Amino acid sequence: MNTNHNDYVSDEFEDQGLNLRDYFRILNKRKFLILTVLGLVFLASIVKTYTTTPIFTATSQVLIERNYGSKGLENQFYRYEPEFLETQTEIIKSPNVARKVVDKLQLTSRYRHYFFSEPEKPSFISALRTSIGSFIRSAIASISGEAESVKGEKTSLFEAVAVEKKSEEEIVASRIQGGLRVLPVNNTKIVRISYNDRDPAISQLVANAVVQAYMDEMLEIKLSTSSYSVKWMTDKAEEERAKLEHSERELQLFMRENDLVTVEDKMTLLPQRLSEFGRQISMSETEKKELQGLINQIRTAGNNLEKLEEIPNLSTNEVLKSIRERIYKASQNIQELSKKYGPKHPKMIKANDELRILNNEKRFEVERIISSITNSYELATSKEQNLKELLAGTKSEMMGLNEKFMQYQVMKREVDSNRVMYETLQSGIKQEGVTGQSQSVNIWVMKKADLPVAPSKPDKQRNLLIGLILGLLGGVGLALLIEYLDNTVQGAQELEEKYGLTVLGTIRELNEKGESIDSYISRNPLSPFAESYRLIRTGLLLSSAEHPPRSILVTSMDAKEGKTSNTANIARILTLSGSRVLVIDCDLRRPRMHEVFGAVSEVGLSSFLSGSTEENVIQKSVADKIDLLPSGPIPPSPAELLSSNRMKLLVEKMAEEYDFVLLDSPPVQSVTDGLALSQIVDGTIVVVRAGRTTHEMLESGMRKLQGVQAKVLGFVLNGMKGVDTGRYYYGYSNYYARDEKQD
């Protein structure tokens with residue numbers, strides 16, 4: 001036996017899903033509801049099937065295909081028109097075809113008796129209703145007055161049109177439309193035309209007449225559309241011819257005024273010119289930037305000849321290189337002559353003059369190069385400006401040419417469109433004139449409708465089978481819905497899976513007449529009912545590893561769940577094994593334990609706890625060697641008495657004198673007495689009534705017990721309608737049934 005401690009339940013109770021055995025259990029429990037629904041639905045299907053007027057169906061078959069003419073024969077196989085048969089289907093079901101059937105078969109004359117019954121003589125009630133209606137309408141008309149005369153005329157006209165009765169032909173045609181069924185055969189060009197009617201002869205006549213009426217309707221459509229098409233296309237062709245001539249004159253005038261003869265050549269050359277100008281402007285900008293850099297370097301150097309010579313363009317100049325070499329040689333010559341001659345020597349004077357001339361020549365060349373760079377920069381700037389002006393002019397010219405060309409293209413497209421429209425209309429007129437008398441749709445009758453020998457509706461076997469299936473599904477669905485909406489505890493297995501606590505025993509509901517659950521065990525000690533409590537006793541004895549709990553609190557979530565009866569029966573079972581048992585009635589609000597054992601409750605627990613008596617309040621052997629401590633008089637504050645230290649000492653003392661002390665307490669959800677008592681006992685048993693205790697109520701109560709850290713030994717599932725097959729050790733009923741019968 002599994003023991004449970006303070007961690008017997010988690011913060012959120014886990015809701016386990018239903019398995020297949022649970023569904024079978026639900027269906028078995030609700031089998032009478034399922035059979036009732038099945039019987040009612042099946043009976044309704046029988047009544048509906050055998051009271052429905054038989055309907056006969058006659059079917060003809062026609063082959064329908066589009067006439068493509070001689071040009072379409074080669075490609076006819078590859079044409080796919082899914083909407084063609086759908087269109088023909090709607091034409092067959094149209095009011096025009098139905099009216100033709102009525103006229104062809106003379107249904108309103110030869111068969112009028114079939115479609116129209118003789119009017120019945122009006123009853124007194126219908127005549128009275130008609131008279132009252134006429135009186136009300138006349139009264140309303142008189143009240144409206146002359147001011148509403150115009151509005152009244154319009155209203156009367158509207159009402160006259162609205163209430164205008166249909167002719168007999170329209171009524172019969174509507175009935176034919178309602179009974180007509182047109183169904184194309186998949187992947188073929190064959191169409192089935194069926195008509196449903198209560199008379200097999202009428203269904204055959206109409207099914208065959210619809211085919212002929214459909215063929216006549218298609219011929220009329222072709223003739224009317226052909227003549228209208230030729231007239232419309234002729235008028236339209238004249239309009240298009242005038243539009244074509246006008247557009248051609250406008251195009252010719254536009255080309256002459258804007259000189260657009262060579263427009264295409266210009267449209268080809270201008271982009272090339274734009275590209276070339278763009279390339280030259282890019283090169284000019286690059287050259288200008290390079291020259292600008294040289295000028296900036298020259299300005300930075302100023303008149304310093306040495307810094308000017310360091311500028312790359314000057315340092316690499318061949319003329320300057322030659323002058324520098326000559327200056328170098330002249331300087332060397334002066335140095336050699338200075339070794340031999342004095343500064344005033346003619347050779348020294350000549351050498352110095354040559355060096356001065358070379359330096360002047362170098363300066364002149366530097367100035368010339370700088371002037372050349374400056375001129376090149378100004379020339380590059382001017383060139384760049386000229387190129388930009390040429391580019392802008394070319395762009396402007398190209399934009400203007402583009403606009404003219406776009407206008408030319410628009411006018412040319414209009415001319416082409418008008419010409420195509422005019423030529424198409426001329427071709428259509430010729431073609432329509434040739435094929436005007438041919439049929440656009442080919443129709444062949446593949447099978448005429450036969451006289452039906454058996455009704456097609458109702459299908460008795462099908463209806464009865466559907467009724468059986470619907471009844472079964474409805475019953476099962478209703479049973480599952482009721483089970484889903486039922487939020488009460490149903491079995492031991494769901495208690496253990498959901499709350500993680502042991503179910504000590506399952507007590508079935510006692511349905512035997514004249515028997516009381518409070519005394520049934522005493523008269524039937526070997527019954528399955530008594531064996532249920534023996535299982536509870538076994539669970540209590542094995543609930544602790546060291547020794548069984550001696551003081552046990554029995555409580556429930558709400559009233560009328562069987563905690564008092566279960567307390568008494570558990571006490572009886574414990575005494576059968578020779579244990580000394582004391583039952584304390586701790587329900588100081590609505591005590592009942594003294595009634596169960598046939599004792600008095602004038603003095604009891606409340607008297608002892610309040611100190612109003614010191615005598616022994618325990619009643620010995622009230623039933624089956626059970627000692628009872630009744631509740632006594634109902635006190636004004638039961639919770640304070642039960643939570644007192646005196647109550648705790650009493651339970652401890654009684655647990656030393658008795659083998660088991662059972663405390664019957666009020667429900668946990670109603671008052672806090674049970675929560676207080678759970679703190680002074682060795683364990684608590686929670687009584688749950690199947691089909692009454694809801695999961696919300698149980699979850700709330702268990703959280704309260706968890707909050708006070710009560711030790712819950714397990715559940716006692718009370719009031720089961722049958723044996724809980726969810727666990728193997730509850731299958732004892734058949735085994736002990738023989739003993740029960742013998743008793």
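Two strands count as paired if DSSP finds at least two bridges between them. With that in hand, here's a quick look at a predicted model: an open sheet of four strands, a helix lying across it, and a pair of packed helices, α4 and α8.

**The sheet**
- Reading across, the strand order is β2-β3-β1-β4, and the pairing is antiparallel.
- β2 (180-184) and β4 (441-447) sit at the edges, each pairing on one side only.
- From one strand to the next, the twist averages 25 degrees.
- Five bridges hold the antiparallel pairing of β2 with β3 (residues 190-197).
- To pick out one bridge, look at Leu 180, whose partner in β3 is Tyr 195.

**The helix across the sheet**
- α3 (residues 82-92) lies across β1 (56-66), β2, β3 and β4.
- Its direction is at about 135 degrees to β1.

**The α4/α8 pair**
- Helix α4 (residues 95-105) packs on helix α8 (residues 168-179) at an angle of about 115 degrees, and their axes are 9 Å apart.
- Angles of 65 to 115 degrees count as roughly perpendicular, so that's the label for α4 and α8.
- The crossing of α4 past α8 is right-handed.
- On the α4 side, the contact comes from Pro 95, Ala 98, Arg 99, Val 101 and Val 102.
- α8 answers with Glu 169, Glu 170, Val 172, Ala 173, Ile 176 and Gln 177.
- Sorted by class, that contact has seven nonpolar, one polar and three charged residues.

Technical notes. Residues are numbered from 1 along each chain as its sequence is written. This is a predicted model: local features need pLDDT of at least 70, side-chain atom pairs count only at pLDDT 80 or more; totals for chains, interfaces and linings use all residues. Side-chain values use heavy atoms; hydrogens and water are left out. Axes are lines fitted to C-alpha atoms, for helices over the stretch in contact, and angles run from 0 to 180 degrees between N-to-C directions. Helices (H or I, at least four residues) and strands (E, at least two) are DSSP runs, numbered from the N terminus. Angles under 35 degrees count as roughly parallel, over 145 as roughly antiparallel, 65 to 115 as roughly perpendicular and the rest as oblique. A crossing is left-handed if the near helix is turned anticlockwise from the far one by less than a right angle, and right-handed if clockwise. Contact means heavy atoms within 4.5 Å. Ala, Val, Leu, Ile, Met, Phe, Trp, Tyr, Cys and Pro count as nonpolar, Asp, Glu, Lys and Arg as charged, and the others, Gly among them, as polar.
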